[in-house]
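Trainee: I've just opened this one and don't know my way around yet. Could you walk me through it?
Mentor: Sure, pull it up and we'll go piece by piece.

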Amino acid sequence: MFTGIVREVGEVMEIDQRGDTRIRIACGRAVETIEIGASISCAGVCLTVIATGMAEGRTWFDIDASAETRACTTLGDWRHGTLVNIEPALKLGDELGGHIVSGHVDGVGVIDEIRPEGGSHRIRIRAPRALGRFVASKGSITLDGISLTVNEVEDDAEATVFGVNIIPHTWTATSLSAAQTGTRVNLEVDVLARYVARLAEAG
């Protein structure tokens, strides 16, 4: 379980194609604070730490990504140097600063537009149409592991397009500063919206 509050931005160091795909990510945390078997959110995807170490003065950890995970998320787009939002799993007593995030990606969206707005940036994302019923103005959504508030939402025949405002701190403290039009992003809808939709169907 996570909050969508990114703790740091890591960087992909190595990608090893084998039965599953092993990915090594460099980060700024002390190596002794990363436990083998721990859950960690990488760009909004809940993954398991399988190894840790130090190389060239940098801490790294390894994760394995199955073919299913790569197909359903943006992990298949990752290359050496890709920036990755990192959040360790929530611990009992931690502040819930964003919203409840499971790390189970619901779909992949595409950035349609990025434009400055005051000191912030307004980003519009084109999401799969099937997710549209879970996206509401002033509701929560997770974008590459970042807890954000939806500003506006529109539906067309093929997609749901929604906008979010990125304040300067979030822009510089996450991977969004490296994003551009056409960048694919992991989306996780608000768990409460998912249950409300299911209850409405059952009713």
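Mentor: Let's start with one pair of residues: T52 has F61 in β5 as its bridge partner. Keep in mind that this is a predicted model.

Trainee: Okay, and how many bridges join β4 to β5?
Mentor: Six bridges join them, and the two strands run antiparallel. β5 covers residues 58-65.

Trainee: What sits between those two strands in the hairpin?
Mentor: Two residues lie between the strands, and E56 in that hairpin takes a positive phi near 55 degrees. E56 is a residue other than glycine with a positive phi.

Trainee: Is E56 buried or exposed?
Mentor: E56 counts as exposed because its relative accessibility is 80%, and the cut-off for exposed is over 50%. You'll find E56 in the loop between β4 and β5.

Trainee: What does β4 pair with on the β3 side?
Mentor: β3 (residues 39-42) and β4 (residues 45-55) pair in the antiparallel sense over four bridges. One bridge to look for there links C42 with V45 in β4.

Trainee: And which residue has the positive phi in the hairpin of β3 and β4?
Mentor: That's A43, with a positive phi near 55 degrees. The hairpin of β3 and β4 has two residues between its strands.

Trainee: Let's change topic. Which residues touch the most other members in the largest nonpolar core?
Mentor: I123, I125, L143, F162, V164 and L187 do, out of 23 residues in that core. Five strands each supply at least two residues of the core: β8 (120-128), β9 (140-143), β10 (146-155), β11 (159-166) and β12 (184-189).

Trainee: What other core is there?
Mentor: There's a second, separate core of 18 residues, and it includes V12, I25, V45 and F61. You've met two of those names already: V45 is the bridge partner of C42, and F61 is the bridge partner of T52.

Trainee: Back to I123. What is I123 in contact with?
Mentor: Leaving aside neighbours within four places in sequence, I123 is in contact with I111, E113, I114, F162, G163, V164, I166, W171 and L176.

Trainee: How many residues of β8 are buried?
Mentor: Seven of its nine residues are buried, so by the cut-off of under 20% relative accessible area, β8 is mostly covered.

Trainee: Which strands does β8 pair with, then?
Mentor: β7 and β8 pair in the antiparallel sense over seven bridges. β8 also pairs with β11, again antiparallel, over eight bridges. For landmarks, P116 has H121 in β8 as its bridge partner, while A127 has T160 in β11.

Trainee: What about the hairpin of β7 and β8?
Mentor: Two residues lie between the strands there, and G118 takes a positive phi near 65 degrees.

Trainee: Where is K138, and what's its phi?
Mentor: K138 is in the loop between β8 and β9. Its phi is near 75 degrees, a positive value in a residue other than glycine. K138 is exposed, with a relative accessible area of 64%.

Trainee: Last thing, the surface. Which residues make the nonpolar surface patch?
Mentor: M1, L90, L96 and I100 make a patch of about 350 Å². I100 is in the loop between β6 (83-88) and β7 (107-117). With a relative accessible area of 40%, I100 is partly exposed.

Definitions and conventions: Residues numbered from 1 in each chain as written. Predicted model: local features only at pLDDT ≥ 70, side-chain atom pairs only at ≥ 80, totals over all residues. Heavy atoms only, no water. Core = buried A, V, L, I, M, F, W, Y, C linked by side-chain atoms within 4.5 Å. Buried < 20%, exposed > 50% of the residue type's maximum accessible area, 1.4 Å probe, protein only. Contact = heavy atoms within 4.5 Å. Patch = residues over 30% accessible without salt bridge, like charges linked within 9 Å, V, L, I, M, F, W, Y side chains within 5 Å. Areas by Shrake-Rupley, 256 points an atom, 1.4 Å probe, with all protein chains shown as cover. Salt bridge = Lys/Arg side-chain N within 4 Å of Asp/Glu carboxyl O. Pairing = 2+ DSSP bridges.
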